[in-house]
Amino acid sequence: MHLLRRLSPICFALVLLFLPGANVATAYATETAEPTAGATATTETAATTETALQAQQGLTTITRSKDNPADFPLNSEASIDQLSAANVSTLESIMVRAVNAVQSYIDVSYVGATYQDALAALDRLWNNYPDLFYFRTTTITYDYSGRVLSLQPIYYWSTAQIAVMRDQYNDAVYDALLWVGYNMTDLEKAKALHDYLVRTCVYDYANYLHGTIPSESYTAYGALVRGTAVCQGYSEAYMALMQKAGIPCTYVSSTAMNHGWNIVTINGKNYHVDVTWDDPPSSSTGADGGFWDKVDTDYFMISDQAMRARDHYGWSPTPACNDQRYDNVRSWETYSEPVEPLYRFRDVGANDWYVTSGVLEYVFDAGILTGLNEVTFAPSATLTRAQFATMLWRYLAPHEANSYNMTTAVNTTGMADVASHAWYTGAANWAVRTGAIAGVGGGTSFAPNSPISREQVVVILLRLAEHHSGYGQSTWELYRSFADSNTTSSWAQASILEALQIGLIQGSGNKLSPTRSCTRIEGATFVMRAIEEAHLF
């Protein structure tokens, strides 16, 4: 519960210090929560300036620290029913966008949120967004009625330095997700990411001993980029990776232990995971065993009961972890390398529909659709006529496509807008020669860079079909049931009806979207269906 003081009927500005907390296991004694000396000086200067300004305006500045549970307790969800859930969510969304943009001032006067709402929103920000590792403090300004007027974020580093660090962080997240296979279960993903952190991150024992733990060691950035962290850094990194893998994961802390870890949700059940204590340094030297050190699993996927039995206690109220099925499992598979090459694409997620449905695996293995480059698949990018012709060419004329020499290719289509020596010249020549693509403007233009619509894709695929099935009355009735069926072009209607009959087109949300531009992954899906389900080729 939030322990909030009764507010005086005057206007306040509240400075919330988001200092990475002293949350660490008793196995490592107590971590000093103080940031680096330079960072401390910056905060003191900002606070002093703000206090002077507020004094001139007859206002009061109150300092609250993330390290003091009485000032800023974790897990405000326990008291959310006493607040405005809508206001808290609105402030949370506003803050996330602003901090992502590294803004220093946010006008929220129009929200109508209270001081309590702001505390709850900031609490959510701290506990659910490990990617915002550079966010340090904020100032909340509110009027005599308690209505919040503005938020002023303060960051650990300069905007330029944050930009560099975020690039480093994104690269590190990408490297970690290489260990997650698109066809792995959530439990397997959780274990692979657990093992990745144990193998690549070292507990910041030397700085702990000297009381010089830097700010980075309390963050996901420290764990993933520098490979050095204390328990909060381990936990925030694990939460960040699990979120990217589509698995619910939260941060939980124990003030009594001065320690933090995670709770994950798999198949609707909650479990404790303490990556830090599964990666213990030597009790005598403080040294980490390195990449090939033993990966412990004493604190992986265990219940509340097992957690208490293994020296954890006093954590903040969280969802109960009652399932004990994994409490004594010791036969976990251990991971030590990337397991799924498809994850080289940074814009593909394990839970994307085209991954879970097998579409990506199929079209990639068949060579129907490749990435724009080694790390970009661009599944939602608009598909052009030249790109679609190339998809079909690769599948239907693989020998010709595989032996294609762009430097000697010349335009034989008879259409002036097809370039010679282009990446698509061979595909365009093949498409026109076979009659797959008749061109636009009466057949005078290929329009290689123009978007191709869903109905155009269907017409082209059926034009290439070895057989046709037609359609019946039930298909006509199905077609008319789609809210936008009347938007189908007259020249494409018969093809759309046949496509419905054989399952080539299915629609979504009561719409067929026949004239909408097709995306790259939609085009690839049409081709896969034509091959596997409609047996057109």
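Is D323 buried or exposed? In this predicted model, D323 has a relative accessible area of 15% and is therefore buried, since the cut-off for burial lies under 20%. The same residue takes part in a salt bridge, with R325 as its partner and 2.6 Å between the closest N and O atoms. This pair makes a convenient entry to the structure, which is described below from its overall make-up to its helix contacts, its salt bridges and a few loop residues.

The protein is built from 18 helices and eleven strands. Of its 537 residues, 54% are buried. Among contacts with a separation of 6 or more, 71% are between residues 24 or more positions apart.

Two helix pairs involving helix 3 can be described in some detail. Helix 2, spanning residues 85-100, and helix 3, spanning residues 115-128, have axes that come within 8 Å and cross at roughly 50°. The two helices are therefore oblique to each other, and their crossing is right-handed. On the helix 2 side, the contact is made by N87, V88, S89, L91, E92, M95, V96 and V99. Helix 3 contributes D117, A118, A120, A121, L122, R124 and L125. Sorted by class, this contact of helix 2 with helix 3 holds ten nonpolar, two polar and three charged residues.

Helix 3 also packs against helix 8, residues 231-244, at an angle of about 85° and with the axes 10 Å apart. Helix 3 is thus roughly perpendicular to helix 8, because angles from 65 to 115 degrees fall in that category. Here W126, N127 and N128 of helix 3 meet Q232, E236, M239 and Q243 of helix 8. The contact of helix 3 with helix 8 comprises two nonpolar, four polar and one charged residue.

Attention now turns to charged pairs. Side chains of opposite charge can pair when their charged atoms come close. The structure holds twelve salt bridges, among them the D323 and R325 pair introduced above. Another joins D296 to K294, with the closest N and O atoms 2.6 Å apart. The two partners differ in their surroundings: D296 is buried, because its relative accessible area is 17%, whereas K294 is exposed, because its value is 57%.

R433 and E400 form a further salt bridge, in which the closest N and O atoms are 3.0 Å apart. This pair links distant parts of the chain, as R433 belongs to helix 14 (residues 425-434) and E400 to helix 13 (residues 398-402), with their positions 33 residues apart in sequence. R433 has a relative accessible area of 53% and is therefore exposed, while E400, at 29%, is partly exposed. Salt bridges also connect R454, R516 and E522 into a network.

Several loop residues complete the picture. Y335 sits in the loop between helix 9 (304-309) and helix 10 (353-356). With a relative accessibility of 7%, Y335 counts as buried. Apart from neighbours within four places in sequence, the contacts of Y335 are W179, M184, E188, K191, A192, D195 and R199. Y335 and V295 are 40 residues apart in sequence, and their C-alpha atoms are 9.2 Å apart in space.

L464 is found in the loop between helix 15 (454-463) and helix 16. Its relative accessibility is 17%, so L464 counts as buried. When residues up to four places away in sequence are not counted, L464 touches L392, L396, A436, L536 and F537. One of these partners, F537, is 73 residues from L464 in sequence, yet the C-alpha to C-alpha distance is 7.6 Å.

The remaining loop residue is S489, placed between helix 16 (473-481) and helix 17 (493-502). S489 has a relative accessibility of 19% and therefore counts as buried, the cut-off being under 20%. Leaving out neighbours within four places in sequence, S489 is in contact with E455 and T515.

Key: Residues numbered from 1 in each chain as written. Predicted model: local features only at pLDDT ≥ 70, side-chain atom pairs only at ≥ 80, totals over all residues. Heavy atoms only, no water. Axes fitted to C-alpha atoms, helices over the stretch in contact; angles between N-to-C directions. Helix = DSSP H or I, 4+ residues; strand = E, 2+ residues; numbered from the N terminus. Parallel < 35°, antiparallel > 145°, perpendicular 65-115°, else oblique. Left-handed = near helix turned anticlockwise from the far one by under 90°. Contact = heavy atoms within 4.5 Å. Nonpolar A, V, L, I, M, F, W, Y, C, P; charged D, E, K, R; others polar. Buried < 20%, exposed > 50% of the residue type's maximum accessible area, 1.4 Å probe, protein only. Salt bridge = Lys/Arg side-chain N within 4 Å of Asp/Glu carboxyl O.
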